[in-house]
Amino acid sequence: MIAILKPGTTPAQMQHLVDWLKHMNLDVHISKGTEVTVLGLIGDTSRVDMDLLKSLDMVESVKRVSEPYKQANRKFHPKDTIVQAGDVRIGGGYFAMIAGPCSVESEEQIIAVARAVKESGANILRGGAFKPRTSPYAFQGMNGEGIRLLLEAKKATGLPIVTEIMNITALDMFADVDIIQVGARNMQNFDLLKELGKTQKPILLKRGLANTLQELLMSAEYIMSEGNEQVILCERGIRTFETATRNTLDLSAVSVLHKLTHLPVVVDPSHATGKADLVAPMAYAATAAGADGIMIEVHNNPACALCDGAQSLTPHQFDEVCHKVRKIREAIV
Ligand code: PEP
Ligand code: MN
């Protein structure tokens with residue numbers, strides 16, 4: 001349930017109302033906009049007398065929110081959430097250009113790629129240190145050493161970094177990581193989500209291989225309900241019957257999510273297509289669809305990449321993508 005307060009409600013009046021609602025064992029989420037303040041009531045709202053609430057002087061309107069996700073719901077929080085990572089903002093008109101290799105492989109590789117993508121206009125560096133591979137025999141990532149090298153690349157370029165966590169026991173290693181990624185395979189690892197909700201780190205939450213948008217929002221809700229509202233959603237393609245691409249990019253997810261939630265939405269055309277030549281067109285389409293950012297895998301030598309070489313762009317190809325993405329953004333805003 002949400003209660004929209006009338007403009008001019010004083011902080012004391014609002015506090016009075018919040019105390020009364022909390023007395024009914026409800027959690028109250030306050031979202032202050034420039035014009036309106038929205039109170040989100042979380043818990044068993046069946047005991048709230050809607051008519052009584054509506055009749056209060058300070059209350060403009062009261063609505064039941066039927067969706068099971070509350071804090072992620074745009075009805076609760078009409079304004080776009082802007083997530084801050086280092087000095088980069090994402091959402092609400094701020095665009096994230098995230099680039100870097102699938103996996104950190106060596107100091108030379110990550111520093112070279114970080115320098116190149118920054119030069120082209122990337123504002124966040126990606127790189128996997130813990131890799132969720134389908135085969136236990138495939139390269140599993142450099143783990144803690146990979147994070148150390150990412151931090152070196154951050155020092156060398158000033159770019160904030162995003163990297164994936166697979167197990168909460170590794171959380172200490174992420175102390176200086178700017179954005180923690182939850183990969184597609186862990187989107188419904190609810191224990192992991194709850195623990196990440198207790199941190200104040202921005203979380204990049206990728207859509208699961210076969211998950212609906214409502215399930216994605218419920219996973220965001222797991223993080224937010226623990227107190228961390230810094231969540232970025234990522235569409236990275238879903239499993240369908242189509243075999244021409246690694247996954248099927250669900251571009252309409254951008255518009256649907258923008259309607260349903262205030263959280264920023266970024267698109268990963270690399271994992272969505274699995275093919276380097278499809279990354280640029282899908283990045284352009286995602287930009288035109290209004291994504292709040294794009295995440296692209298870039299490798300200085302894709303043919304020798306230890307992971308996902310077939311979908312990785314060279315720095316030169318990425319430079320061209322950045323250039324056109326900027327033009328598309330200028331055209332649509
Ligand atoms: C990744 O971004 O490196 C990754 C493994 O992606 P996903 O979880 O979307 O497969
Ligand atoms: Mn990858």
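1. How many Å separate an oxygen atom of ligand 1 from an N or O atom in the side chain of Arg236? In this structure, which is a predicted model, that separation is 2.6 Å. Taken alone, ligand 1 exposes 290 Å², and the protein buries 97% of that area.

2. Other side chains also make polar contacts with ligand 1: an N or O atom in the side chain of Arg185 lies 2.8 Å from an oxygen atom of the ligand, and for the side chain of Gln181 the corresponding distance is 2.9 Å. The residues that surround ligand 1 include Arg126, Lys131, Glu164 and Lys206, together with Gly183, Ala184 and Met295. His271 and Glu297 also belong to these surroundings, and both reappear in the next point as donors to the manganese ion.

3. The manganese ion, which is ligand 2, is coordinated by Cys102 through SG, His271 through NE2, Glu297 through OE and Asp308 through OD, at distances of 2.0 to 2.4 Å. Along the chain these donors follow the spacing C-x168-H-x25-E-x10-D. Distant parts of the chain are linked in this way, since Cys102 sits in the loop between strand 7 (96-100) and helix 3 (107-120), whereas His271 belongs to helix 8 (residues 269-273), 169 residues apart. Both Cys102 and His271 are buried.

4. A reader following His271 further will come to Asn247, which is placed in the loop between strand 12 and helix 7. A polar atom of the Asn247 side chain lies 2.9 Å from the backbone oxygen of His271. Asn247 has a relative accessible area of 4%, and because this is under 20% the residue counts as buried. Leaving aside neighbours within four places in sequence, Asn247 is in contact with Arg236, Gly237, Ile238, Arg239, His271 and Ala272; Arg236 is also one of the residues around ligand 1.

5. Another asparagine, Asn189, lies in the loop between strand 10 (179-182) and helix 5. With a relative accessible area of 27%, Asn189 is partly exposed. Its C-alpha atom is 9.3 Å from that of Met166, and the two residues are 23 apart in sequence.

6. Helix 6 (residues 213-224) can be checked against its expected length: at 1.5 Å a residue its 12 residues should span 16 Å, and the C-alpha atoms at its ends are 16 Å apart, which agrees. Among the buried residues of helix 6 are Leu213, Leu216, Leu217, Ile223 and Met224, as well as Ser219 and Glu221. The buried residues of this helix pack against helix 5 (190-197), strand 11 (203-206), strand 12 (231-235) and helix 7 (252-260).

Methods:
Residues numbered from 1 in each chain as written. Chains lettered and ligands numbered in written order. Predicted model: local features only at pLDDT ≥ 70, side-chain atom pairs only at ≥ 80, totals over all residues. Heavy atoms only, no water. Helix = DSSP H or I, 4+ residues; strand = E, 2+ residues; numbered from the N terminus. Expected span 1.5 Å × (residues − 1). Buried < 20%, exposed > 50% of the residue type's maximum accessible area, 1.4 Å probe, protein only. Contact = heavy atoms within 4.5 Å. Polar contact = N/O pair within 3.5 Å; in protein donor to acceptor, adjacent residues only side chain to side chain. Near = heavy atom within 4 Å. Areas by Shrake-Rupley, 256 points an atom, 1.4 Å probe, with all protein chains shown as cover. Donors = N, O, S within 2.8 Å, 3.2 Å for Na, K, Ca; no water.
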